[in-house]
Amino acid sequence: MLVVRNLEVFYGKLRAVKSLSFHVNEGEIVTIIGANGSGKTSTLRAISGIMVKTRGEIIFENERINGLPPHVIVNMGISHVPEGRRLFPNLTVRDNLLLGAYPYLKKNGDFSKIVKDRIEQVFAIFPRLKERSDQLAGTLSGGEQQMLAIGRALMSRPRLLLLDEPSMGLAPVIVNEIFKVIEELRKDMGVTILLVEQNARKALEISDRGYVLESGSLVYSGSSEELKKSKEIQRAYLGKSDFFE
């Protein structure tokens with residue numbers, strides 16, 4: 001579904017991602033792990049078109065998407081849940097969700113039954129959002145804000161969902177809830193997921209394959225089981241070398 005070849009991402013003259021190549025097959029959950037500053041977020045931003053100063057190839061469903069504006073990439077079937085959620089805090093939960101359907105609303109010009117159905121589907125996944133549909137997004141708890149950020153991305157009916165640090169700043173019980181939802185999105189809705197996470201342990205538990213970045217470069221790759229068993233990965237990212245033994 002997604003092929004990235006020799007990707008380089010620049011902030012001015014600084015090269016944040018260096019000759020990165022990887023792929024995501026349809027129906028997979030693939031994770032990218034690494035420390036702060038390793039290039040994980042920059043990679044997702046390049047795929048979704050937010051980072052425009054790039055080199056290399058990004059190919060989605062056999063079509064090169066380098067240089068396309070973000071709204072076109074969303075319409076092609078890629079949604080991005082950014083680090084830090086990036087909600088509109090002074091808008092209600094429902095209005096934030098409506099903005100996720102904006103490409104459809106712009107094309108059709110009315111609040112159609114399809115959009116209503118999409119909102120109800122999001123509420124079925126996250127019942128707490130339905131309870132707070134008229135509440136300002138900025139007044140939600142951190143976990144509820146993360147649910148809303150994911151729900152907003154789902155409003156465009158993505159085939160590929162980019163998730164950037166969905167567990168950041170959340171209590172462990174909420175982290176478990178969010179990761180359970182991620183698994184259900186793949187199982188029940190057929191959404192392919194590219195997951196960026198510092199919580200390597202949780203990411204490798206739910207993913208099929210993984211890539212490890214250091215200083216913008218790919219240093220390890222393999223199945224999640226292989227990465228969990230790697231002594232180097234255990235020492236660097238999982239806290240202790242015998243965690244999975």
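## Exercises on burial, packing and empty space

The buried residues of helix H1 are Lys40, Ser42, Thr43, Leu44, Ala46 and Ile47. The exercises below start from this helix and use a predicted model.

**Exercise 1. Determine how far helix H1 is covered, and which residue just after H1 takes a positive phi.**

Solution.
1. Residues under 20% relative accessible area count as buried.
2. Six of the eight residues of H1 are buried, and the helix is therefore mostly covered.
3. Just after H1 comes Gly49, with a positive phi of about 90°.

**Exercise 2. Find residues other than glycine with a positive phi, and decide for Glu61 and Glu165 whether each is buried, partly exposed or exposed.**

Solution.
1. Glu61 has a phi near 50°, and Glu165 has a phi near 55°; both values are positive and neither residue is glycine.
2. Glu61 sits in the loop between strand S4 (54-60) and strand S5 (63-64).
3. Glu165 sits in the loop between strand S7 (160-164) and H8.
4. The relative accessibility of Glu61 is 35%, so Glu61 counts as partly exposed.
5. The relative accessible area of Glu165 is 5%, so Glu165 is buried.

**Exercise 3. Classify the aromatic pair of the structure and state which strands hold its two rings.**

Solution.
1. The structure holds one aromatic pair.
2. Its rings belong to Phe22 and Tyr211, with centres 5.4 Å apart.
3. The ring planes stand at 55°, so the pair is tilted.
4. Phe22 belongs to strand S2 (residues 14-24) and Tyr211 to strand S9 (residues 209-214). The pair therefore ties together parts that are 189 residues apart in sequence.
5. Phe22 and Tyr211 are both buried.

**Exercise 4. For Val24 and Thr31, give the strand, the burial and the contacts, leaving out residues up to four places away in sequence.**

Solution.
1. Val24 lies in strand S2, and Thr31 lies in strand S3 (residues 29-33).
2. The relative accessible area of Val24 is 0%, so Val24 is buried. Thr31 is also buried, with a relative accessible area of 0%.
3. Val24 touches Met1, Leu2, Val30, Thr192, Leu194 and Arg209.
4. Thr31 touches Leu195, Ala203, Leu204, Ser207, Arg209, Gly210 and Tyr211.
5. Arg209 appears in both contact lists.
6. The C-alpha atoms of Val24 and Val4 are separated by 8.8 Å, with their positions 20 residues apart along the chain.

**Exercise 5. Describe the largest nonpolar core, the surroundings of Ile193, and a second core.**

Solution.
1. The largest nonpolar core has 45 residues, and those with the most contacts inside it are Leu161 and Ile193.
2. Helix H8 (residues 172-189) gives the most to this core, with seven residues.
3. Leaving aside neighbours within four places in sequence, Ile193 is in contact with Glu28, Ile29, Val30, Leu160, Leu161, Leu163, Ile182, Leu185 and Arg186.
4. A second, separate core has 27 residues, among them Leu2, Phe22, Met76 and Leu213.

**Exercise 6. Report the volume of the largest pocket, the elements that line it and the classes of its lining residues.**

Solution.
1. The volume of the largest pocket is about 670 Å³.
2. It is lined by 24 residues, of which Ile50, Val74, His80, Pro82 and Arg152 are the closest to its centre.
3. Two or more lining residues come from each of helix H1 (40-47), helix H2 (70-76), strand S6 (78-81), helix H3 (93-100), helix H4 (102-108) and helix H7 (142-154).
4. S6 gives the most, with four residues.
5. The lining divides into 12 nonpolar, seven polar and five charged residues.

**Exercise 7. State how many cavities of 30 Å³ or more a search of the whole structure finds, and analyse the lining of the largest cavity.**

Solution.
1. Rolling a probe the size of a water molecule over the atoms shows where empty space is left.
2. The search finds one cavity of 30 Å³ or more.
3. The largest cavity has a volume of about 50 Å³.
4. Its lining consists of Arg118, Gln121, Val122, Ile125, Leu154, Met155, Arg157 and Met189.
5. Helix H5 (residues 113-125) supplies the largest share of this lining, four residues.
6. By class, five lining residues are nonpolar, one is polar and two are charged.

Terms used: Residues numbered from 1 in each chain as written. Predicted model: local features only at pLDDT ≥ 70, side-chain atom pairs only at ≥ 80, totals over all residues. Heavy atoms only, no water. 1 Å grid on protein atoms, 1.4 Å probe; cavity = no way out; pocket = protein on both sides within 12 Å on 5 of 7 lines; lining within 4 Å. Points joined across faces, edges and corners; volume = space filled by probe spheres on them. Nonpolar A, V, L, I, M, F, W, Y, C, P; charged D, E, K, R; others polar. Core = buried A, V, L, I, M, F, W, Y, C linked by side-chain atoms within 4.5 Å. Buried < 20%, exposed > 50% of the residue type's maximum accessible area, 1.4 Å probe, protein only. Contact = heavy atoms within 4.5 Å. Phe/Tyr/Trp six-rings, centres within 6.5 Å; stacked < 30°, edge-to-face > 60°.
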